[in-house]
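Visitor: I would like to go through this structure with you, beginning with the fold and then moving to individual residues. Could you guide me?

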Amino acid sequence: IGARIVNGLRRNLFMHLQRLSSDFFARTSTGTIVTRFAGELGALKQSVTKRVAASLTSLVGLVINLPILLLIDWRLGLLAAAGLPLMIGLAGRMAPRASEATYELKRSEGELANLVAENVRAHAVVRGFDLAAIATERFERQIDRVERNAIRAEFLVAMVASVSGLTVLLIQLAIVATGAYLAARGLITAGALVAFVTLLAKVAKEGYELSTKVLPEMIQAAGS
């Protein structure tokens, strides 16, 4: 499935390339274009292959278990269900910046690849006119830019995962505290609370997997 999806993207990307104007090729380096085909689509294939099954498993688990939580206790079940939009909303606000930073990282890596390719093609000229120092200076500037972009992209992606994971834990804590209060007031039996908390741990694990593992990889793929 992953190979079929990525090959479809390669086909669409190549067909789109044929329709682009000369201005695009004047603005975009060869290295950036080649990196899109060779590196980033391969990374996207790996992400799709690894995470589609994990996403489906977690989503199916949430769909099955949330109604059961509502049956055990509708008040705590509604609190658990309300936490999902909160987590998705927070991640949705942060994800575009992380995706944009990942895109900038990929573009700077493409420019670095193009710089290396130009240096290899012009090796005789560089040696003949003693331009190695200038070429090295250009390379150092570009590699510093790649490093800065990599740090920013990794930080923002990690922030999405951390905030989403922390939201899941806080929701779980709020539900347990509310359940303890209801049990102390005699509004829920101890057995029902134990059953709810046990199933809640499974739901929280599935939400945590989605927010800290699947979501960051999808963001990185979206920035490709």
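**Salt bridges, cores and a cavity**

Guide: Let us begin with one pair of side chains. R107 forms a salt bridge with E104, and their closest N and O atoms are 2.8 Å apart. Please keep in mind that this is a predicted model.

Visitor: Where do R107 and E104 lie, and how many residues apart are they?

Guide: Both belong to helix α4, which covers residues 74-121, and they are 3 residues apart, about one turn of the helix. R107 is partly exposed, with a relative accessible area of 30%; E104 is partly exposed as well, at 22%.

Visitor: What is the general idea behind such a pair?

Guide: Side chains of opposite charge can pair when their charged atoms come close.

Visitor: How many salt bridges does the count come to?

Guide: The count comes to 5 salt bridges. Another of them joins E111 to R145, with the closest N and O atoms 2.5 Å apart. This pair links distant parts of the chain, since E111 is in helix α4 and R145 is in helix α6 (residues 132-184), 34 residues apart.

Visitor: What are the relative accessible areas of E111 and R145?

Guide: E111 has 24% and is partly exposed. R145 is partly exposed too, with 25%.

Visitor: And which residue pairs with R75?

Guide: R75 forms a salt bridge with D73, where the closest N and O atoms are 2.8 Å apart. The accessibility of the partners is as follows: R75 is partly exposed at 28%, while D73 counts as buried at 6% relative accessibility.

Visitor: Let me step back to the fold. How many helices and strands are there?

Guide: The secondary structure of the protein chain comes to 7 helices and 0 strands. From the N terminus on, the elements run α-α-α-α-α-α-α.

Visitor: What percentage of the chain is buried?

Guide: Buried residues make up 36% of the 224 residues in the protein chain. As for contacts between residues at least 6 apart in sequence, 85% of them join residues at least 24 apart.

Visitor: Now the interior. Which residues of the largest nonpolar core touch the most other members?

Guide: That core has 16 residues, and those touching the most other members are L69, L76, A80, I175, I188, F196 and L200. The elements giving two or more residues to this core are α3 (30-72), α4, α6 and α7 (190-222). Helix α7 gives the most, with 7 residues.

Visitor: What does A80 touch?

Guide: Not counting residues up to four places away in sequence, A80 touches L66, L69, I175 and L200. Apart from this core lies another one, of 11 residues, among them L112, A150, A153 and V160.

Visitor: Changing topic, how many cavities of 30 Å³ or more does the count give?

Guide: The count comes to 1 cavity of 30 Å³ or more. The largest cavity has a volume of about 150 Å³. Of the 14 residues that line the largest cavity, those closest to its centre are A80, L84, V168, I171 and V203. A80 thus appears here and in the list of core residues given earlier.

Visitor: Which elements give two or more residues to that lining?

Guide: They are α3, α4, α6 and α7. By class, the lining of the largest cavity has 11 nonpolar, 3 polar and no charged residues.

Visitor: I also noticed N65. Is N65 buried or exposed?

Guide: N65 is buried, with a relative accessible area of 7%. The residue lies in helix α3. Leaving aside neighbours within four places in sequence, N65 is in contact with L199, K202, V203 and E206. Of these contacts, V203 was also named among the residues closest to the centre of the largest cavity.

Visitor: One last item: what is the phi of D130?

Guide: Phi of D130 is near 55 degrees, a positive value in a residue other than glycine.

Visitor: What sign does phi have in most residues other than glycine?

Guide: Most residues other than glycine have a negative phi.

Visitor: Where does D130 lie, and is D130 buried or exposed?

Guide: D130 lies in the loop between α5 (123-128) and α6. At 65% relative accessibility, D130 counts as exposed.

Methods:
Residues numbered from 1 in each chain as written. Predicted model: local features only at pLDDT ≥ 70, side-chain atom pairs only at ≥ 80, totals over all residues. Heavy atoms only, no water. Salt bridge = Lys/Arg side-chain N within 4 Å of Asp/Glu carboxyl O. Buried < 20%, exposed > 50% of the residue type's maximum accessible area, 1.4 Å probe, protein only. Helix = DSSP H or I, 4+ residues; strand = E, 2+ residues; numbered from the N terminus. Core = buried A, V, L, I, M, F, W, Y, C linked by side-chain atoms within 4.5 Å. Contact = heavy atoms within 4.5 Å. 1 Å grid on protein atoms, 1.4 Å probe; cavity = no way out; pocket = protein on both sides within 12 Å on 5 of 7 lines; lining within 4 Å. Points joined across faces, edges and corners; volume = space filled by probe spheres on them. Nonpolar A, V, L, I, M, F, W, Y, C, P; charged D, E, K, R; others polar.
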